[in-house]
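Colleague: Got a minute to go through this model with me? I'd like the basics, then some residues.
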Amino acid sequence: MQFAGADTSRTISQSFIYFLSDKPELQAKILEEVDARIYNKSLIDFDALFNSEYFNMMTKESLRRFNPFVTSSPRKLTQDITLGNLKLKKGLNLGFPVLTMHLMEKFHKDALSFDITRHTPENKLKQTKLTFMPFFAGKRICIG
Ligand code: HEM
């Protein structure tokens, strides 16, 4: 739990700040959205930040570009399967290369460039669920 919750949150906060640091226009957009939501309030609350569209897109792109979970924990095959030319036997332990999939040109155009517009509502519809999975998928998906 310590690693699952603390290390991932620390790593993503660092990469978020790193990617945001040289994007003054995005900093301004996030601030603008947060300011609009906290108008007449004396304190920034979490809702103001988490409901910011730009903050959310920024977070998702940081998670895509530098996901703390490089590879998933292993899954054991419960039956023989064939993947392309590969025949995989029941009982085999498989790890999914989450970060590699996030950075594959096949799934993400200009994969190495940091582009938050990949996560606009319209562009999200074009994504396949299993090519962007910062919290992984299936029964053991992140509970945080
Ligand atoms: C941005 C932050 C986080 C990321 C990117 C993240 C990512 C992940 C991923 C990819 C897995 C699945 C690993 C696997 O199956 O191989 C996972 C599992 C898990 N996460 Fe997170 N996580 C984050 C934050 C948190 C937080 C804040 C908590 C707790 C408060 C948490 C608790 C857990 C637990 C307990 C599991 C294991 C679930 C299971 O095996 O059934 N995570 N996380």
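Modeller: Sure, one term to begin with: a residue is buried if 20 or more other C-beta atoms lie within 10 Å of its own, exposed if 12 or fewer, and partly exposed in between, with C-beta atoms placed from the backbone. This is a predicted model, where local features need pLDDT of at least 70, side-chain atom pairs count only at pLDDT 80 or more, and totals for chains, interfaces and linings use all residues. Residues are numbered from 1 along each chain as its sequence is written.

Colleague: OK, then is Ser62 buried or exposed?
Modeller: Ser62 counts as buried because it has 23 C-beta neighbours inside 10 Å.

Colleague: Where is Ser62, and what is it in contact with?
Modeller: Ser62 is in helix 4. Helices (H or I, at least four residues) and strands (E, at least two) are DSSP runs, numbered from the N terminus. Leaving aside neighbours within four places in sequence, Ser62 is in contact with Ile12, Ser15, Phe16 and Phe19. Contact means that the C-beta atoms of two residues, placed from the backbone, lie within 7 Å. The C-alpha atoms of Ser62 and Ser13 are separated by 8.9 Å, with their positions 49 residues apart along the chain.

Colleague: And Phe19, from the other side? Where is it, and which residues does it touch?
Modeller: Phe19 belongs to helix 1. Not counting residues up to four places away in sequence, Phe19 touches Ser62, Arg65 and Phe114. Phe19 is partly exposed, because 18 other C-beta atoms lie within 10 Å. Phe19 and Ile38 are 19 residues apart in sequence, and their C-alpha atoms are 25 Å apart in space.

Colleague: Back to helix 4. Which of its residues are buried?
Modeller: The buried ones in helix 4 are Phe55, Met57, Met58, Thr59, Glu61, Ser62, Leu63, Arg64 and Arg65.

Colleague: What span should helix 4 have?
Modeller: Helix 4 covers residues 53-65, so at 1.5 Å a residue its 13 residues should span 18 Å, and its end C-alpha atoms are 18 Å apart, which agrees. The expected span is 1.5 Å times one less than the number of residues in the helix.

Colleague: Zooming out, how many helices and strands does the chain have?
Modeller: There are six helices and four strands. In sequence order the pattern is α-α-α-α-β-β-β-β-α-α. The C-alpha trace spans about 60 × 35 × 25 Å along its principal axes.

Colleague: What percentage of the chain is buried?
Modeller: Buried residues make up 12% of the 144 residues. On contacts, of those between residues at least 6 apart in sequence, 56% join residues at least 24 apart.

Colleague: What about confidence? Which elements have the lowest and highest mean pLDDT?
Modeller: Helix 3 (residues 46-50) has the lowest mean, 74, and strand 3 (residues 86-88) the highest, 94. pLDDT is the predictor's confidence in each residue, from 0 to 100. The chain averages 87, and 94% of the residues score at least 70. Where pLDDT is low, the predicted coordinates should not be read in detail.

Colleague: Now the ligand. Which residues come nearest?
Modeller: Of the 18 residues around the ligand, Ala4, Gly5, Ser72, Cys142 and Gly144 come nearest. A residue is near a molecule if its C-beta atom, placed from the backbone, lies within 6 Å of it. Helix 1 (residues 2-21) gives the largest share of that shell, five residues.

Colleague: And what is the shell by class?
Modeller: The shell has eleven nonpolar, six polar and one charged residues. Here Ala, Val, Leu, Ile, Met, Phe, Trp, Tyr, Cys and Pro count as nonpolar, Asp, Glu, Lys and Arg as charged, and the others, Gly among them, as polar.

Colleague: One more region, the loop with His119. Which helices is it between?
Modeller: His119 is in the loop between helix 5 (98-102) and helix 6 (121-126). With neighbours within four places in sequence left aside, His119 is in contact with Met57, Lys60, Glu61 and Lys124. Asp115 is in the loop between helix 5 and helix 6, and it touches Glu61 and Asp110, not counting residues up to four places away in sequence.

Colleague: What is the phi of Asp110?
Modeller: Asp110 has a positive phi of about 55°, although it is not a glycine. Asp110 counts as exposed, because it has 9 C-beta neighbours inside 10 Å. Phe136, in the segment after helix 6, also has a positive phi, of about 60°, and is not a glycine.
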